[in-house]
Amino acid sequence: MRQGHGNLPGGRTVEGRLPIDRRSMWLIFAMFLMMALSGSAVAQFSGPGIGISTPINPPVTITTDPAILYPPNRDVNLWHDDLIMIRLFESTEYAPTVRVGLDGTIQLPLIGSVQVEGLTLHQAQNLIAQKLISAGMYRDPQVTIQIVESPNQTATVIGELHGIVAIIGERRLYDVLSAVGGGGGFSSTSTTVVVGGGGLPTTASHVITINRPGVAQPITVDLGTDPAKSAEAHIPIFPRDTIVVPRVGVVYLLGAFKTQGTVLLQQNAPMTLMKVAALTGGSGFEGRQSDLRIIRSVGTGREVVRVDLKKVVDGKAPDPVLQPEDIVFLPTSSMKAAIKSGGIGTLLGIVSVLIVAVRP
């Protein structure tokens with residue numbers, strides 16, 4: 001009787017525990033499976049693959065020297081392919097019209113070859129007069145040179161605006177940019193440049209560079225956005241100047257943003273993280289807002305700045321100002337991504353099936 005009495009409650013207790021232990025094991029297994037399936041891979045970034053000599057983030061220094069920005073009136077220089085007409089005062093017999101050759105010389109009657117490329121009109125006139133005197137042809141000739149045709153008396157605009165503008169007389173920067181932006185030259189845009197750079201394409205930077213022959217360093221000019229200060233950038237342009245209108249900087253968005261891609265930096269106001277988030281629709285539900293990262297190029301390396309986006313939105317942390325070429329990366333929360341994609345419901349369904357399957 002004692003043996004039977006001990007088997008009844010004891011057997012029920014032992015037999016009842018085994019299914020519960022199996023259910024717990026299957027539940028724990030399912031949870032580990034869910035974490036494994038929804039986990040995200042983590043990789044390390046060692047920086048851009050560039051050479052040591054490659055310039056990264058070159059500093060931009062605005063040219064302020066008035067001697068460079070507003071040089072005195074420059075004489076016109078002769079260059080190859082220029083077609084010139086030479087005349088002598090009170091003489092109709094000597095009036096050749098010649099073209100400057102690729103070697104920079106012209107062939108003139110009585111005196112032969114004369115090197116004129118790179119000379120101003122005044123210098124070339126004096127040289128030809130001296131050669132006529134040395135050849136015994138004239139005692140005191142008064143030589144005059146007139147440029148009939150010149151492919152070199154132009155300024156070239158490249159970059160976001162592009163075209164070729166003839167420089168006849170005095171032309172200034174806004175005049176040249178307006179001629180290109182308004183359909184002159186070979187521009188593909190229909191914008192018109194107004195004071196303060198207001199008519200530049202949205203992709204064009206307001207900081208432009210002018211490469212000028214005879215000037216050691218490029219001239220950097222900030223068109224700005226304030227019309228009151230626009231006169232400071234309205235500098236004279238000379239023949240053979242090359243005006244470079246670069247593309248404005250961009251910020252790259254990666255990760256759990258509703259819209260990924262690039263955002264152009266505004267030039268009339270600093271571009272902050274909140275502005276970028278607003279332009280792209282904000283972060284997605286799966287975004288790990290407490291671990292947003294701004295990856296910034298510094299020299300030949302990278303710096304990672306971690307920002308709590310939720311604190312920025314709530315006004316508890318400063319809104320960081322972004323710089324050109326910044327990469328804003330918003331990591332994905334594994335749990336939120338699984339919930340968004342329906343993975344939790346699927347896994348819970350599997351767990352329910354397993355629990356039912358192990359029931360006695």
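**Exercise 1.** Work out how the side chains of Arg-288 and Asp-291 meet, and whether each residue is buried, partly exposed or exposed.

*Solution.* Start with the contact: Arg-288 and Asp-291 form a salt bridge, 3.2 Å from N to O. The term asks for a side-chain nitrogen of Lys or Arg within 4 Å of a carboxyl oxygen of Asp or Glu. This is a predicted model, in which local features need pLDDT of at least 70, side-chain atom pairs count only at pLDDT 80 or more, and totals for chains, interfaces and linings use all residues. Residues are numbered from 1 along each chain as its sequence is written, and side-chain values use heavy atoms, leaving out hydrogens and water.

Next, accessibility: buried is under 20% relative accessible area, exposed over 50%, and partly exposed in between (1.4 Å probe, protein chains only). Arg-288, at 30%, is therefore partly exposed, while Asp-291, at 14%, is buried.

**Exercise 2.** Find which parts the salt bridge between Arg-296 and Asp-326 ties together.

*Solution.* First, the side chains meet at 2.7 Å, N to O. Then place them: Arg-296 lies in strand S15 (residues 292-298) and Asp-326 in the loop between helix H6 (309-313) and strand S17 (327-330), so the pair ties together parts 30 residues apart in sequence. Helices (H or I, at least four residues) and strands (E, at least two) are DSSP runs, numbered from the N terminus. Finally, both Arg-296 and Asp-326 are buried.

**Exercise 3.** Identify the residues that shared partners join into one salt-bridge network.

*Solution.* Begin with Arg-288 and Asp-291 from above. Following shared partners adds Arg-293 and Arg-306 to this network. For the wider view, the whole structure has 9 salt bridges.
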